[in-house]
Structures are given as structure tokens and as C-alpha cells.
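Subject: Structure handover

Hello,

Here is the structure I said I would pass on. My notes on what was found in it follow below.

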Amino acid sequence: MAEQPPGALSAAFPPPPTFFTHFTPENLAALKELRGADGALPPMEQLPEELKCLVPPPLLEGGYRAFGETWTLPEIYPSLAQSGIQQLYPDPTTSTTSTTTTTTVATASANANGKAGTPSFDRTLELRRLSQSLLLNYLELVGVMGIAPEQFHEKTAALETILFNMHHLINEYRPHQARETLCLRMEEQLEKIRHETEENRRVVGQIEEVLAGLAGVGERAEALVGGVVGARKGKESGEERRERAVARDREAWRMLGLGGA
């Protein structure tokens, strides 16, 4: 497959892939002719260069590169150590001792009940501690800038490390946020469907009531109009029949409350 120009994938507005120019009617027809009776294509190395881009590539294994970044398959959130950043909070998967009062109490309670004490990891507590450390280091940075401004690098590096740790802890909530967002969307859709169903049932009930009222309206209108016309003498002309039909319809609408008298 054709390679992209250097720096194209990492640009703010990357251009379309260069191989899109190969998707022409002529190339598609040529690729269709090369397919066998079972729909299989010849090996990739036997295809012309302009037709290789038309064949979907095999599934990637290990990872892929997009927009200048390398992505792993399956997607794994890298740890701070893998990113070369100092981790300021205990590892929730491997820590065996707790430095927090909450964890110590929980461990002591578990031991008292005869169970092995496993330290619990409270991300909220760790985020609060990092926030306090961030504020303290900022105040120290302000003091350093007033006394020895040339020594600010150490404090700015500490602030950067704390912010990376806070950002990493917050990102660990992303899977939970995605699940909760999906649950909320499904609940909203279910509530919307229930509301629409109830509204449809209400309208159907109203229509049934109108149809039930219409069953006798025609007969009553015919009886009222027919009595007036029947009082006349002689045969009924075509004009009179038309007037009678109009009067019957008008009476039916009046009985339904949809027209004037």
C-alpha cells in the first residue's frame, strides 16, 4: 500500500490517503475479472500495483499507527512507569501495605474477622492528596521565584509530575464513565419509547371514542333531516336530494361538535 508523505499523518488537517486515486471504475472492473469462480483473488504479489490498494489489508496484530501515534491491539492504557513518569501514588494492583488511615482501618478490621487483609485503593483520596501537593508546590514555586528565580526548574518539574499523576488517575475512570453514559442513553431511549407508547395509546382511545360516537350520528342526522324533507309533498327532485345530503352532513358535523349549526 502506498505510503503517506512524511509528516502528513501528524498534521492538524491531514490530506486524504494517496491511494484513493486507484479506486477507479477501470481498476474495479479489472479486479473483478481477476476473481476466480469462488471469489478468491490471486496472491497479493501477483496483483498489479494499482490493484493492490483495492484489496482490504489483513487484520493488524500488535498495534497500528494513526495520526502520528502508535496504538496497541487490544488497547491498553499505559502506566506512568511505561511513559517514563514517576508514580506518586501506590499501585492498586501490587501494593501490599497501606499508607492511608482508611486502608489501615480496613485491613485491621479484615484481620479481626479472620480474613486476609488486602489494602483498598481509594482514587478519590489519592486525588485529594495530589491536589494538596499541587497547591503546596505552587506556593513553594512562588516563594522560589521571589528569592532565587533561577531555581524554578525543580518546582516546575514537580508540578508537572503531580499533574501527570492526577491526569492518569482521572483517565482510569474513562471505562466507568463510558459504561455509565451508555446506561444513561439506554434509559433515556427506554423512557422515550414508553412515553411515545403511552401517547399512542391515549390517541387510540380518543379515536375509538370518536368512532363509537360516529356509529349513531349518521342515523340521527338522517332521521332529523328525513323528517323535514318527508313533510314536503310530491316527489323529491335531484336538487332536493343534494340539499338533503348537504343538510345531513352538516347535521352530523354539528352533532360531533366540529361545525356550526
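**Arginine 35 and the start of the chain**

Arginine 35 counts as partly exposed because its relative accessible area is 40%, between the 20% and 50% cut-offs. Arginine 35 sits in the loop that links helix H1 (25–34) to helix H2 (49–52). Leaving out residues up to four places away in sequence, arginine 35 touches Ala40 and Leu41. Please keep in mind throughout that this is a predicted model.

**Overall layout**

The chain has 261 residues, and buried residues make up 15% of them. Its secondary structure comes to seven helices and two strands. In sequence order the pattern reads α-α-β-β-α-α-α-α-α, with the two strands following the second helix. Of the contacts between residues at least 6 apart in sequence, 52% join residues at least 24 apart. The chain exposes about 19900 Å², and 59% of that comes from carbon and sulfur atoms.

**Nonpolar cores**

In soluble globular proteins, nonpolar side chains tend to be buried together. In this model, the largest nonpolar core consists of nine residues: Leu80, Ile85, Tyr89, Phe121, Leu127, Leu130, Ile162, Met166 and Leu169. Two helices, H4 (123–147) and H5 (152–171), each supply at least two residues of this core. The helix that gives the most to this core is H5, with three residues.

One member of that core, leucine 127, is in contact with Met166, Leu169, Ile170 and Tyr173, when its neighbours within four places in sequence are left aside. There is also a second, separate core of five residues, and among them are Leu31, Leu47, Leu51 and Val55.

**A buried asparagine**

Is asparagine 165 buried or exposed? Asparagine 165 is buried, because its relative accessibility is 0%, and the cut-off for buried is under 20%. Asparagine 165 lies in helix H5. A polar atom of the asparagine 165 side chain lies 2.7 Å from the backbone oxygen of threonine 161.

Not counting residues up to four places away in sequence, asparagine 165 touches Leu80, Ile85, Gln86, Gln87, Leu88, Tyr89 and Leu130. Leu80, Ile85, Tyr89 and Leu130 are also among the residues of the largest nonpolar core.

**Salt bridges**

The structure holds six salt bridges. Notes on some of them follow.

- Arginine 123 and glutamate 172: the closest N and O atoms of this salt bridge are 2.6 Å apart. Arginine 123 lies in helix H4 and glutamate 172 in the loop between H5 and H6, so the pair ties together parts that are 49 residues apart in sequence. Arginine 123 is partly exposed, with a relative accessible area of 26%, and glutamate 172 is partly exposed as well, at 24%.
- Lysine 52 and glutamate 49: in this salt bridge the closest N and O atoms are 3.6 Å apart. The two residues are three apart in helix H2, so about one helical turn separates them. Lysine 52 counts as partly exposed, at 23% relative accessibility.
- Glutamate 198 and arginine 201: their side chains meet in a salt bridge at 3.4 Å, N to O. Both residues lie in helix H6, three residues apart, which is about one turn of the helix. Glutamate 198 is partly exposed, because its relative accessible area is 48%, whereas arginine 201 counts as exposed at 56%. The cut-off for exposed is over 50%.

**A nonpolar surface patch**

Which residues form a nonpolar patch on the surface? The patch is formed by Val203, Ile207, Val210, Leu211 and Leu214, and together they have about 410 Å² of accessible area. One of these, isoleucine 207, is found in helix H6, which covers residues 174–230. Isoleucine 207 counts as partly exposed because its relative accessibility is 46%.

**Where to look in the viewer**

For the largest nonpolar core, helices H4 and H5 are a place to start, as each supplies at least two of its residues. Asparagine 165 can be found in H5. For the arginine 123 and glutamate 172 salt bridge, look at helix H4 and at the loop between H5 and H6. Helix H6 holds both glutamate 198 and arginine 201, and isoleucine 207 of the surface patch is found in H6 too.

Regards

Key:
Residues numbered from 1 in each chain as written. Predicted model: local features only at pLDDT ≥ 70, side-chain atom pairs only at ≥ 80, totals over all residues. Heavy atoms only, no water. Core = buried A, V, L, I, M, F, W, Y, C linked by side-chain atoms within 4.5 Å. Buried < 20%, exposed > 50% of the residue type's maximum accessible area, 1.4 Å probe, protein only. Helix = DSSP H or I, 4+ residues; strand = E, 2+ residues; numbered from the N terminus. Contact = heavy atoms within 4.5 Å. Areas by Shrake-Rupley, 256 points an atom, 1.4 Å probe, with all protein chains shown as cover. Patch = residues over 30% accessible without salt bridge, like charges linked within 9 Å, V, L, I, M, F, W, Y side chains within 5 Å. Salt bridge = Lys/Arg side-chain N within 4 Å of Asp/Glu carboxyl O. Polar contact = N/O pair within 3.5 Å; in protein donor to acceptor, adjacent residues only side chain to side chain.
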